[in-house]
Amino acid sequence: MTLSHRKSSAAASHKRVVGRALLSVSDKTGIVEFARALSGRGIQLVSTGGTRKALTNAGLTVLDIAELTGFPEIMDGRVKALHPKVHGGLLAKRDDHQHQAAMRQHGIPQIDLLVSNFYPFEETARSGASFEDCVENVDIGGVAMVRAAAKNHADVVVVVDPADYAAVLDDLSDNDGDTTLKLRRRLAAKAFARTAAYDAAIAGWFADQVDEKTQDWLTVGGTLAETLRYGENPHQSAAFYHTAEKRPGVATARQVQGKQLSYNNIVDADAAYQCAAEFDPARTAACVIVKHANPCGVAEDGSLLGAYRKALATDPTSAFGGVVAMNRTIDAETARAITEIFTEVIIAPDASKEAIAIIGAKKNLRLLLAGDLPDPRGAGITFKSVAGGMLVQSRDNAVVEDMDFKVVTKRQPTEKELDDLRFAFRVVKHVKSNAVLYARDGATVGIGAGQTSRVDSARIGVLKAEDAAKTAQAPGSLVKGSVMASDAFLPFADSLLVAVEAGATAIIQQGSSVRDEEVIKAADEHGIAMVFTGMRLFRH
């Protein structure tokens with residue numbers, strides 16, 4: 001079959017011959033092997049700068065892009081591929097006679113395959129590089145070429161991910177040196193997704209630099225970390241994406257062992273680790289146990305083992321199959337204690353070798369080591385989808401140390417009560433609203449989460465404490481001598497009266513209710529101390 005016959009047959013079947021490939025990559029993973037395979041098929045290689053150097057050093061014959069365009073690379077490499085001979089070669093329709101005539105008139109060579117990935121802007125921004133370095137890592141030529149090739153995917157193959165090199169070679173092999181429209185469309189879709197995510201990272205970073213809280217056009221992008229088995233439920237599909245945000249947590253953690261993380265594992269591990277980060281590891285060890293995105297036990301102590309034991313005692317029933325987060329390096333003793341019951345995930349900054357070995361005996365137990373704790377004061381944004389739209393807000397970075405406590409009752413809280421009030425308000429921030437919890441001696445003793453009425457949350461917290469006391473065979477109520485924290489103001493005195501009846505001695509809440517006087521009066525009548533923070537901590 002003649003080449004002209006092959007071209008006409010390919011056009012009729014939507015297959016396209018690859019005669020020339022332009023390779024210009026920042027990530028050079030696998031590029032030499034891919035280029036060698038292309039060259040072995042008689043495909044001419046054209047390349048730029050560092051990519052061309054890598055290929056020629058590997059013994060391949062490569063045409064410099066300046067030879068193709070007849071124009072040198074200028075301005076420190078800022079301008080090298082932005083040329084009509086490049087973009088004309090990518091954008092020309094192969095079955096359009098006017099396009100073909102323009103190519104002949106202007107000496108534009110056809111480019112059938114583009115391989116390009118971009119300057120590492122996301123990694124540069126994440127590393128905390130200077131403004132100038134970040135700007136210099138904004139890719140222009142690569143993005144422009146990729147968009148051009150993807151637009152003309154009817155004729156051109158575009159590859160932005162080294163993971164797709166094998167698929168291209170397989171397609172060429174299966175189709176006698178041609179590529180199929182199916183492959184070109186799939187890779188074009190991936191290319192447009194990549195440019196969108198890349199631009200989203202740049203736009204988000206720039207908005208931070210100019211302190212722009214609300215953008216007229218919001219761009220959100222991420223890189224696929226892994227496809228998950230399913231979503232919240234087995235009938236839902238799901239995937240986990242990494243963003244350009246520089247924040248330690250589940251996304252940055254190294255999974256040392258265990259089964260693949262599920263959608264719910266990731267949600268719970270994130271919730272647990274964000275709460276654990278509220279506790280400065282230089283001040284205290286802390287443990288957070290989470291089930292279905294709600295803390296079911298939180299404690300601080302001089303040791304991680306002590307913190308874990310106290311957190312577990314809050315609600316050992318709910319802790320079964322939960323997620324455990326620590327704010328310090330896990331030691332062997334603590335690892336041994338955690339593995340005494342069924343646990344889904346452990347997440348911490350690090351773990352000792354002995355601890356890793358102990359956890360390793362539980363083959364399915366997932367161990368995540370994040371390297372560091374996220375800054376609870378750190379800025380950022382959070383998202384929630386709604387039908388036809390998306391809600392965006394700044395991250396809740398309110399911390400107890402920055403709050404102005406105001407004692408509003410006749411009785412002042414004792415120093416011990418103040419310590420527990422600070423602890424309780426630190427934790428209630430991470431409990432689903434309406435949230436009420438009881439704490440004593442640096443540990444939660446009862447947590448009421450996610451109720452539609454605040455008084456029901458107050459009652460559930462008491463019931464949880466009673467159940468924990470029975471499990472521990474402890475005399476009396478664990479709420480006795482505790483403090484109560486509410487994530488928002490008390491609209492009536494009813495929640496306060498539930499706490500008083502159960503034995504709580506101090507309360508911390510937002511204040512600012514129209515019935516504050518009524519609530520304060522009830523506190524004074526029962527001789528308890530109450531503190532207003534002026535801060536609401538709803539979590540939905």
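These legends describe an overall view and several close-up views of a predicted model.

**Figure 1. The whole protein, with 20 helices and 23 strands.** The radius of gyration is 30 Å, while the globule rule gives 24 Å for 540 residues, so the protein is more spread out than a compact globule. Its C-alpha atoms fill a box of roughly 95 × 50 × 40 Å along the principal axes. Buried residues make up 49% of the 540 residues. Take the contacts with a separation of 6 or more: 57% of them link residues 24 or more positions apart. The accessible surface comes to about 25,700 Å², and carbon and sulfur atoms hold 52% of that surface. The protein carries 62 positive and 66 negative charges. The mean positions of these two sets are 5 Å apart.

**Figure 2. Strand 19, residues 436-439, and its side chains.** Which residues point the same way as Val-436? Tyr-438 does. Leu-437 and Ala-439 point the other way. All four of these residues are buried.

**Figure 3. Strand 19 between its partners, strand 20 and strand 21.** Strand 20 covers residues 444-448 and runs antiparallel to strand 19. The two are joined by 4 bridges. One bridge pairs Val-436 with Gly-448 of strand 20. Strand 21, residues 483-486, also pairs with strand 19 in the antiparallel sense, over 4 bridges. Here, Tyr-438 has Met-484 of strand 21 as its bridge partner.

**Figure 4. The hairpin of strand 19 and strand 20.** The hairpin has 4 residues between its strands. Asp-441 takes a positive phi near 55° in this hairpin.

**Figure 5. A cis peptide bond between Ser-433 and Asn-434.** Omega is about -10° at this bond. Where is Asn-434 found? Asn-434 is in the loop between helix 17 (415-428) and strand 19.

**Figure 6. Asp-176, a residue with positive phi.** Its phi is about 55°, although Asp-176 is not a glycine. The residue lies in the loop between helix 10 (165-174) and strand 7 (178-179). Is Asp-176 buried or exposed? The cut-off for exposed is over 50% relative accessible area. Asp-176 has 60% relative accessibility, so it counts as exposed.

**Figure 7. His-292, in the loop between strand 11 and strand 12.** Strand 11 covers 285-291, and strand 12 covers 294-301. His-292 is not a glycine, yet its phi is positive, at about 50°. His-292 counts as exposed because its relative accessibility is 66%.

How values were computed
Residues are numbered from 1 along each chain as its sequence is written. This is a predicted model: local features need pLDDT of at least 70, side-chain atom pairs count only at pLDDT 80 or more; totals for chains, interfaces and linings use all residues. Side-chain values use heavy atoms; hydrogens and water are left out. The radius of gyration is taken over C-alpha atoms; the globule rule is 2.2 Å times the number of residues to the power 0.38. Buried means under 20% relative accessible area, exposed over 50%, partly exposed in between (1.4 Å probe, protein chains only). Contact means heavy atoms within 4.5 Å. Accessible areas come from the Shrake-Rupley method with a 1.4 Å probe; for residues, only the protein chains shown count as cover. Lys and Arg count as positive and Asp and Glu as negative; His and the chain ends are not counted. The place of a charge is taken as NZ of Lys, CZ of Arg, CG of Asp or CD of Glu. Two strands pair if DSSP finds at least two bridges between them.
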